[in-house]
Each structure stands twice: as structure tokens, then as C-alpha cells.
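Welcome, and thanks for taking a look at this one with us. Below is a short briefing to read alongside the model, working outward from a single residue.

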Amino acid sequence: MESEREAPVSGNLDAQPPRDSKCQTSKEEEEEPEGGAAAGVATEGTQAEGASADGLWELPVEPAERRPECRRCSRPQKVCLCPFLPVHPLHISTHLYIIQHPAEESKVLRTVPLLAACLPQEKCKVKIGRRFSEERDPELSAVCRNSGTLILYPGPEAANLEDFILESPISPSAIIIIDGTWSQAKDIFHKNSLFRLPKQVQLKPNVPSQYVIRMQPTSSCLSTLECAAIALSLIEKNLCILEILFRPLQALCSFQLQHGAQIRPSKEYLLKNGLYLKPMPKNKRKLRKMELLMNSVKI
């Protein structure tokens, strides 16, 4: 899951794809000036200018061109990260299902395309949406009902994945990861009964996130790519998976930092060191979350 963000990433030099601008014009009724030759000349001049301007609207408008994107890593070709991807997709036995919130599709610095580019297509499937049901997605429904499926979602009922793998006699066949902010992931998890069927697990990473160009709520929060990398390395019992999947993420962050981006400490770090300078949110839900974060820091 992607960590929750309060504001867009700063220092991002990968511009958003151009959008066709829509100009709105308002026509006001003009009152004809009273008397005098000068008034008549001014009116004629205004009409002439209006006629000239009206002619501009008849000119053909060329649609804005999107920057060519790499088909494999989904990055603009000028900043393609394919040299940092494995030559061949990783050989894994576990099926990975990414449940992606629709809002994540428009994010520039996404990690899921990099993750999918490293894995076989039949082993990594991205399903976009907020609501899922047996009628809408029979495949996902069958996966959730399979006893060998895990879902990565932290909570009081979630087992530590590393301990679960050591104690389980059978290796899991599939794992589900929700891609979105924490609030989006929570909304998806609680509004889809299917996702409460698999065994719930969580990660307890020993190192902070390497996705340093995006602010995290706490230093233990991980990007979707990092969650998948750690989970797969534990399930497959192959630490090389970590190195291979982390490589494109490290390259992405390195490129952004070289071109103006800055390392963004977590909110937890800023609060702990008295560096969080933004005003407290007025929204009650967001304010409550901030208070909980501050209390966890004090403890």
C-alpha cells in the first residue's frame, strides 16, 4: 500500500501529460454609446476587433501531444528505467494481485508499473476499482476464497508474515496487496467483504522505506513495490528478489533527486523533532489522525 500523502510530491520534474485546455468565453450585451462621432468610431473599432477575434476561433486546434512512453516501464522514453529492470521477468510461483484505487492511475511517480514490469504477466495482475464482488470479478472471488491466499493489510488480526511463513507447512499460493493511500486502502478493505476472507498478514520491516521522494506518515511505511518485494522474498524464500525489485525504485528516486527533488522525512520524524510547520488540519477526521500520530510519537 502506498502511504497516505497530505500534498503532491514536490520537486517532481516528470511533468503531467498535457491536457487540452478549454477556454470559456462570456458574451456581454454592449449598450450603444450615445451621440457624437467619436462614439461611433469607437464602436466600429470594437466591432472590427471582435470580428478579427472571432476569426481566430475558426482556426484548427492541434491536440496536445503526450510524451512517448516506454511500453515496459510506463515511464516517458527520455527517463526510461528499463536498464534497471531484470532482462527477463522473475521466476516466481506466487500469484500477486494488486488492488489499485482508481486515483492511483493518474499518479506520476507510481511504483506498480515498475513492479509489474519485473514479474511475469500471468503472475502479477492489477485490478482497478473501489468495489469488487463475485458477479463483477469471479476470478478475484475465487482467489479470495482459496485457503492458500493471503492479504497484506495491517491490523489487530494480522499475523506477522515472516512468522506465518515459518510456522505454515504449506507455502501460500497468492497474496493480495491494496495500492492507494492509507485512507483509500482502509476504505477498500472494509467495503469489500471478499477481502476479509483471506488470511490477514502484515510486514514488520527492519529498515525505513527507500521511497524517499514521497512523504510517509511514519518511517515504517512502505510503497506498494517495497511491500510486494519483501512479501515475495519471504514467501519464495529468495532474498535476491529484494535486490532485483528495489533496483528500479532506487533508480527512480536517484533520478528525481538529481533533478531537483528533495528527500522528504516522514510526518513522524517531523513531529518528533519539532519540524512540522504546517497548520493542523481543520477536517475532524484528518485532525484525529494527526493527533493519533502525535500521541504515538510521544509514546
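## Starting from one residue

I230 sits in helix α6. The model is a predicted one, and its protein chain has 9 helices and 6 strands. From this residue we can step out to its helix, then to the neighbouring helix, and finally to the sheet.

**I230 and its surroundings**

- With a relative accessible area of 18%, I230 is buried, because the cut-off for that class is under 20%.
- Leaving aside residues up to four places away in sequence, I230 touches L203, P205, L222, L242 and F246.
- One of these partners, L242, is 12 residues away from I230 in sequence, and their C-alpha atoms are 6.3 Å apart in space.

**Helix α6 itself**

- Helix α6 covers residues 224-235, and 11 of its 12 residues are buried, so "mostly covered" is a fair description.
- The buried residues of α6 are T224, L225, E226, C227, A228, A229, I230, A231, L232, S233 and I235.
- What lies over them? The cover includes β1 (95-100), α2 (112-118), β3 (149-152), α4 (161-167), β5 (174-179) and α7.
- The length of α6 checks out: at 1.5 Å a residue, its 12 residues should span 16 Å, and its end C-alpha atoms are 16 Å apart, which agrees.
- Just after α6, K237 has a positive phi of about 55 degrees.

**How α6 meets α7**

- Two packed helices are described by the angle between their axes and by the distance between those axes.
- For α6 and helix α7 (residues 240-258), the axes come within 8 Å and cross at roughly 170 degrees.
- The two helices are therefore roughly antiparallel to each other, since angles over 145 degrees fall in that class.
- On the α6 side, the contact is made by L225, E226, A229, I230, L232 and S233, while α7 brings I241, L242, L245, F246 and L249.
- By residue type, this contact divides into 9 nonpolar, 1 polar and 1 charged.

**The sheet**

- Strands of a sheet pair through backbone hydrogen bonds, either parallel or antiparallel.
- Here 6 strands form an open sheet with parallel pairing, in the order β2-β1-β5-β3-β6-β4.
- Its edge strands are β2 (124-128) and β4 (159-160), each of which pairs on one side only.
- Strand β3 runs parallel to β6 (residues 199-202), and 3 bridges join the two.
- Along β3 and β6, L150 stands opposite K199, and L152 stands opposite V201.
- Strands β4 and β6 also pair in the parallel sense, over 2 bridges; the bridge partner of N160 in β6 is Q202.

**Helices packed on the sheet**

- Which strands does helix α5 (residues 182-191) touch as it packs on the sheet? They are β1, β3, β5 and β6, and the direction of α5 makes about 130 degrees with that of β5.
- Helix α6 packs on the sheet as well, touching β1, β3 and β5, and its direction makes about 165 degrees with that of β5.

**The chain as a whole**

- Of the 299 residues in the protein chain, 40% are buried.
- Among contacts with a separation of 6 or more, 78% join residues 24 or more positions apart.

How values were computed:
Residues are numbered from 1 along each chain as its sequence is written. This is a predicted model: local features need pLDDT of at least 70, side-chain atom pairs count only at pLDDT 80 or more; totals for chains, interfaces and linings use all residues. Side-chain values use heavy atoms; hydrogens and water are left out. Axes are lines fitted to C-alpha atoms, for helices over the stretch in contact, and angles run from 0 to 180 degrees between N-to-C directions. Helices (H or I, at least four residues) and strands (E, at least two) are DSSP runs, numbered from the N terminus. Angles under 35 degrees count as roughly parallel, over 145 as roughly antiparallel, 65 to 115 as roughly perpendicular and the rest as oblique. Contact means heavy atoms within 4.5 Å. Ala, Val, Leu, Ile, Met, Phe, Trp, Tyr, Cys and Pro count as nonpolar, Asp, Glu, Lys and Arg as charged, and the others, Gly among them, as polar. The expected span of a helix is 1.5 Å times one less than its number of residues. Buried means under 20% relative accessible area, exposed over 50%, partly exposed in between (1.4 Å probe, protein chains only). Two strands pair if DSSP finds at least two bridges between them.
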